[in-house]
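Thank you all for coming; I would like to take a few minutes to walk through the contact between two chains and then a patch on the surface. Please have the model open while I talk.

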Amino acid sequence: MDTLILQFLNGLDKGSAYALIALGLTLIFGTLGVVNFAHGALFMIGGFCAVTLQKILMISSVTLDPTKLNFLGKPTEVKTPYVEVFFGKDVGAFIVDWSVPLAIFFAIPIMIGVGYVMERGLIKHFYKRAHADQILVTFGLAIVLQEVIKYFFGANPIPTPAPEAFRGSVDFGVWLGFAPDLIIYPAWRLVYFIFSLVIIGAVFAFLQFTTFGMVVRAGMADRETVGLLGIDIDRRFTVMFGIAAAVAGLAGVMYSPISSPNYHMGMDFLVLSFVVVVVGGMGSLPGAVAAGFLLGVLQSFASLNQVKALLPGIDQIVIYLIAIIILLIRPRGLMGRKGVMED
Amino acid sequence: MLGLGRKDTTLFAIVVLVTVLAPFLLNPFPADSAMAQFNSGYPDLMQRFAIYGIFAIGFNILFGLTGYLSFGHAAFLGVGSYSAVWMFKLLSMNVIPALILAVIVSAIFSVVIGFIALRRSGIYFSILTLAMAQMMYNLAYSVFSNPAMNLTNGETGLQVYASDPQYLKGNGPDVTHLFGLQMNSTYEMSVAGWKFDFGVGYYLCAVIMLVAFYIAIRIFRSPFGIMLRAVKSNQHRLNYTGVNPRPYNLAAFVISGMYAGLAGGLLACMDPLAGAERMQWTASGEVVIMTILGGAGTLVGPILGAGFIKYFENIFSKINENVLHSWFHWLPESVQNFVVHVLSPFFGEGWSLTMGLMFMAVVIFLPGGLVEGGLRIGRLFRRRPAPTPDAATKPAE
């Protein structure tokens with residue numbers, strides 16, 4: 001039982017990463033009708049926002065300490081980050097420690113900006129062209145973004161630790177009434193799961209309860225009619241692209257303590273999140289979220305030792321198998337609507 | 001000639017001439033001159049031109065004719081490589097059985113995958129092929145490398161060991177060969193400073209590529225090819241006229257899968273080692289890039305694209321900052337440093353960046369690829385008004 005719960009938690013955790021990326025993909029797809037192969041790159045850029053903020057915070061002033069001598073008999077260099085100089089030692093150390101959560105505020109404007117530039121500068125010109133062209137140009141863009149990041153940050157993963165308070169593990173079983181030390185789970189992964197729930201909830205609330213969101217939903221249903229009502233739907237869709245980019249970026253920021261950002265992490269996630277979107281049903285936001293969690297949980301259960309003993313290697317391929325089966329028996333995915341990309 | 005029209009015969013003759021004379025054409029600079037780094041006439045690289053040419057020709061039969069964009073073709077390349085190496089392990093180092101098995105196995109795989117993936121079209125097809133190729137990559141990388149059933153040897157890659165049975169080996173050589181003709185043997189010819197290498201491996205690849213190219217031309221011109229084009233221009237109309245397009249699509253998919261398997265088999269023949277990274281989806285992306293860059297739907301486009309990518313991959317990766325400095329040594333020091341600093345991200349390690357930018361530029365500005373670019377330039381020089389696309393031949397959407 002305890003292993004099952006542990007795997008379930010693992011699955012929810014993995015699933016929340018899939019769901020966040022798939023949500024962004026579906027937002028772009030549902031509004032603009034563009035299949036964005038560069039979405040994984042946006043996730044990766046989010047991770048590197050965290051890296052950049054950490055680097056900025058670590059910019060230090062170097063002073064010589066004449067009281068301590070190193071082995072050459074010269075005064076040792078003492079590095080103090082400027083934040084510690086400005087805000088005092090305690091506050092400064094706190095800011096440096098919390099650089100990943102702080103990067104959220106740093107990443108939002110950057111990601112919205114990146115998304116805005118991408119949509120206005122490139123993708124706008126591809127609405128009228130074939131879907132294959134859209135895939136190709138965003139695929140090219142993904143390569144370019146990836147290589148640019150590689151040029152500036154190098155090819156190796158850069159560790160971005162979570163704040164000290166969340167670095168340990170939580171005895172999760174005790175909360176559910178199990179014996180202690182039975183279900184122990186990394187604290188940051190729980191934070192990630194809760195964070196993604198908040199983000200998903202926020203996106204849905206934004207679409208459901210604001211006028212802006214209402215217009216966007218109307219535009220997703222029937223773009224032309226909304227245009228005829230005198231609403232500049234293109235501008236709203238551009239904003240939605242920015243929001244989708246920000247969602248992917250935030251997913252990347254929060255994921256950076258779980259696996260250190262490297263330049264090709266986006267590509268690794270992209271394929272899976274496409275599968276998630278297709279399983280959920282193209283253009284269906286709840287479908288994308290549900291499929292993300294579903295596939296994450298199924299993948300975790302498939303990696304249970306008992307299952308693996310029965311079907312060796314099933315954990316590696318279960319997601320793809322499920323995707324193939326679902327597409328064959330329910331061609332529109334779990335919650336797909338009629339008429340989306342049927343050509 | 002050979003059942004080709006006049007234009008196609010000329011085209012085919014040019015391609016034959018270029019491939020046969022490639023060792024000369026690709027080595028235009030004397031061996032010890034400063035420009036020698038732009039030479040690419042050594043067998044290793046020329047083999048890759050030919051092999052990836054085959055891969056791209058095959059991909060073009062699917063994408064160029066039917067418009068189905070597969071993002072999983074590298075899976076067949078990998079399957080071909082694995083089956084070829086298995087033939088080396090079990091029979092002998094002769095390439096013929098290896099190539100035959102490679103084509104057969106990849107055909108079987110592409111029938112299965114094509115049957116499933118072709119139930120959907122458009123973007124769903126791309127994602128399905130992507131998912132299935134990624135699944136096969138995972139299978140090859142981790143699942144089929146367990147001790148009970150070690151088909152792929154996982155991370156190390158499948159290779160031939162001395163302990164392998166090799167039932168038909170006899171006194172045959174230990175390297176890949178074609179009835180005794182070893183693939184890695186070369187004949188070197190030097191003429192007044194120029195050096196030309198003629199590799200057996202290259203000529204085998206070249207002959208197979210020419211045959212593959214010939215078959216592709218015949219497919220393009222056949223009623224079957226026209227049917228595939230009809231699929232691309234309007235599949236619904238085809239349905240209304242009472243034609244079921246799926247068998248045609250499946251046939252095209254299988255043919256292009258076989259081409260990919262053949263290319264994979266040849267890769268293994270040139271270097272008897274098969275690794276799973278050949279099947280990764282970025283490798284599938286590469287063949288997409290080659291085909292689009294050269295010109296999808298044209299005959300020579302894929303070969304041009306494959307040659308272009310492989311050539312520049314090789315050359316660009318060799319150029320480091322020192323080489324750049326030596327190019328711009330005539331500039332004043334500070335300007336020189338600045339120019340080198342600006343250019344260096346695009347050379348050496350940064351080749352992928354250059355390739356990505358080039359690919360984007362082609363997709364945005366030149367959807368017909370290099371072939372269309374060439375035609376446009378040709379038209380400029382002939383000063384004839386561009387022929388307007390005839391309204392009658394354009395299909396109604």
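**The contact between chain A and chain B**

Let me begin with charge pairing, where the count between chain A and chain B is 0 salt bridges, and I should say straight away that this is a predicted model. Polar contacts do appear between chain A and chain B, although the count is 2 residue pairs, both at pLDDT 80 or more.

Turning to which parts of chain A take part, the elements that give two or more residues to the side touching chain B are α6 (131-153), α12 (265-280) and α15 (314-329), and it is α6(A) that supplies the largest share of that side, with 14 residues. Sorted by class, the side of chain A that touches chain B holds 31 nonpolar, 3 polar and 7 charged residues.

As for extent, the contact draws 41 residues from chain A and 41 residues from chain B, and the area buried between the two chains is about 3,700 Å², with carbon and sulfur atoms giving 79% of that area. On the chain A side, the residues that lose the most area to chain B are L136(A), F139(A) and I324(A), which together make up 16% of what that side buries.

Now to the surface patch. Which residues make the nonpolar surface patch of about 690 Å²? The residues are I56(A), I59(A), Y82(A), V85(A), F86(A), F87(A) and V91(A). Helix α3 of chain A, residues 82-87, gives the most to this nonpolar patch, namely 4 residues, and V85(A) is found in that helix, α3 of chain A.

Key: Residues are numbered from 1 along each chain as its sequence is written. Chains are lettered from A and ligands numbered from 1 in the order in which they are written. This is a predicted model: local features need pLDDT of at least 70, side-chain atom pairs count only at pLDDT 80 or more; totals for chains, interfaces and linings use all residues. Side-chain values use heavy atoms; hydrogens and water are left out. Contact means heavy atoms within 4.5 Å. Buried area is the accessible area (1.4 Å probe) that two parts lose on being put together, summed over both. A salt bridge is a side-chain nitrogen of Lys or Arg within 4 Å of a carboxyl oxygen of Asp or Glu. A polar contact is a pair of N or O atoms within 3.5 Å; within protein, one must be able to donate a hydrogen and the other to accept it, and residues adjacent in sequence count only if both atoms are side-chain atoms. Ala, Val, Leu, Ile, Met, Phe, Trp, Tyr, Cys and Pro count as nonpolar, Asp, Glu, Lys and Arg as charged, and the others, Gly among them, as polar. Patches are made of residues with over 30% relative accessible area and no salt bridge: like charges are joined within 9 Å, nonpolar side chains (Val, Leu, Ile, Met, Phe, Trp, Tyr) within 5 Å. Accessible areas come from the Shrake-Rupley method with a 1.4 Å probe; for residues, only the protein chains shown count as cover.
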